[in-house]
Amino acid sequence: MAAASDKARFFLEQSVPELKEYERKNIFSADEITSITRKRSDFEHKINARGSTPSDYARYAEFEINVEALRRKRVKRLGIKSTAHNGKRRIFFVFDRGTRKHPGDVDLWLQAIDFARKQKAYKKLQEIFAKVLRLHPRKSDLWTYAAQFALDENGDMTEARSYMQRGLRFCKSSRAMWFEYGRLEMSHIAKIQARREILGISTGGQTQEQILEEDENVIKLPNLTAMDINPDAEGEDSAHTTLQFFDPTSAMNGAIPLAIFDAAMAQFNDPSFGLDFFDMVVDYEALSACREIAAHIEAKLMTEYPQDWHSQACRIRLPLVSLQPNSPEFPAAFRQALAHLREARAKTQDPQLVVWVRGWLQDLDATPDLDEGIKTVAESVLRSIESA
């Protein structure tokens, strides 16, 4: 116990110059300084004693975050330009001590990451990611979180892909990680397309292959395959090296999501994953590459699992992909979808297909701006399915 008290006293003495400055500049009153000191003493004795828990460090960090927030407000109100002490450093120090003592507590790591992200302490955030991923390489959520951060905050798709590639070496059996990898690439394509539209860069209906052939300044890259995504490919950095030079223009055709899907299907051999991936892709139906990717998924599922209801569901929905309900092409596409539905019900009597069709038609019926004629047909088909 004496050792714990000595450690607590040591760390408390380090904060004395900081508290004296706050009192001298009237940021905190003498009573507030006393209260802060007392709370810090309680926390220090608790975390330095035997049997401390991760929640003790989390509460200590929360207390310091609140003190720092109050200090910032008062500094701004009093017009004090700067102080010699930085409260963020103390908060990070608390998190560092907590994660060193309890490296297996992922929640404490995530709290440290969340704080660093809010403070835009990107260098510190990189250090935290490196440490936690080294300690927990089989936590797929951490790899996904790191990749999403790299894309959203840093705009660095190469780094994001690097995180996902390395994560798949440890978590290749994680369906969620393959799924999120595909979503990451679809989001990246959406950002590229939005940027092109803002800049007024139009393809004029041309395919990506035609654009590449006509532009002498663009080097046409070879087609990307599942071998470039597979984490078991020869050479530790082979996939990362391939993707590193995959330029945005080539990415617009959806080659990377297609390769991810093929590699994932080789890993899981499960048509239910194919339907989930199909639904994820359709969420990005405004993309020019969406229909091509969806068609590839449907073709693969129908080739390998023609009798499975997941494959039939993709086939039914494919004609309507990337079509707006008020577009002139929608009625003909809906007729084709219903034709595929009739064929599917003749091939399989799986009740799961009926459940899926019922949900699909109900969602379609609730679509805004849907033509009354199509809505009537959808309701009629829905009644016939429910009465069957």
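Here a trainee and a mentor talk through a predicted, all-in-one-chain model.

Trainee: Before we start, what should I keep in mind about the numbering and the model?
Mentor: Residues are numbered from 1 along each chain as its sequence is written, and side-chain values use heavy atoms, with hydrogens and water left out. This is a predicted model in which totals for chains, interfaces and linings use all residues, side-chain atom pairs count only at pLDDT 80 or more, and local features need pLDDT of at least 70.

Trainee: How many helices and strands does the chain have?
Mentor: Helices (H or I, at least four residues) and strands (E, at least two) are DSSP runs, numbered from the N terminus. On that basis the count is 20 helices and 0 strands.

Trainee: What share of the residues in the chain is buried?
Mentor: Buried means under 20% relative accessible area, exposed over 50%, and partly exposed in between, with a 1.4 Å probe and protein chains only. The chain has 388 residues, and the buried part of them comes to 47%.

Trainee: Among contacts between residues at least 6 apart in sequence, what percentage joins residues at least 24 apart?
Mentor: A contact here means heavy atoms within 4.5 Å. Among the contacts in the chain that join residues at least 6 apart, the portion joining residues at least 24 apart is 67%.

Trainee: Why is helix α17 described as largely enclosed by the rest of the structure?
Mentor: Helix α17 covers residues 309-317. Its buried residues include Trp309, His310, Cys314 and Ile316, and the cover over them includes α15 (271-282), α16 (290-304), α18 (330-347) and α19 (351-365). The helix is largely enclosed because its buried residues number 8 of the 9.

Trainee: How are α15 and α17 oriented, roughly parallel or roughly antiparallel?
Mentor: Axes are lines fitted to C-alpha atoms, for helices over the stretch in contact, and angles run from 0 to 180 degrees between N-to-C directions. The two helices pack at an angle of about 25°, with their axes 8 Å apart. Angles under 35 degrees count as roughly parallel, over 145 as roughly antiparallel, 65 to 115 as roughly perpendicular and the rest as oblique. That makes α15 and α17 roughly parallel.

Trainee: How many nonpolar, polar and charged residues does the contact of α15 with α17 have?
Mentor: On the α15 side the contact includes Leu275, Phe278 and Asp279, and on the α17 side it includes Trp309, Cys314 and Arg317. For the classes, Ala, Val, Leu, Ile, Met, Phe, Trp, Tyr, Cys and Pro count as nonpolar, Asp, Glu, Lys and Arg as charged, and the others, Gly among them, as polar. The tally is 7 nonpolar, 4 polar and 2 charged.

Trainee: And α18 with α19, roughly parallel or roughly antiparallel?
Mentor: α18 and α19 pack with their axes 12 Å apart, at an angle of about 165°. That makes α18, relative to α19, roughly antiparallel.

Trainee: Which residues of α19 do the α18 residues meet?
Mentor: By class, the contact of α18 with α19 has 9 nonpolar, no polar and no charged residues. From α18 come Phe330, Phe334, Ala337, Leu341 and Ala344, and they meet Leu353, Val357, Trp360 and Leu364.Trainee: How do α2 and α3 run, roughly parallel or roughly antiparallel?
Mentor: The axes of α2 (residues 16-24) and α3 (residues 30-48) come within 10 Å and cross at roughly 160°. That makes α2, with respect to α3, roughly antiparallel.

Trainee: Which residues does glutamate 64 contact beyond its neighbours within four places in sequence?
Mentor: Glutamate 64 lies in helix α4 (residues 54-78) and is buried, with a relative accessible area of 3%. Leaving those neighbours aside, its contacts are Arg40, Arg90 and Ile91.

Trainee: Is lysine 120 buried or exposed?
Mentor: Lysine 120 sits in the loop between α6 (106-118) and α7 (122-135), with a positive phi near 55° in a residue other than glycine. Its relative accessible area is 59%, so lysine 120 is exposed.
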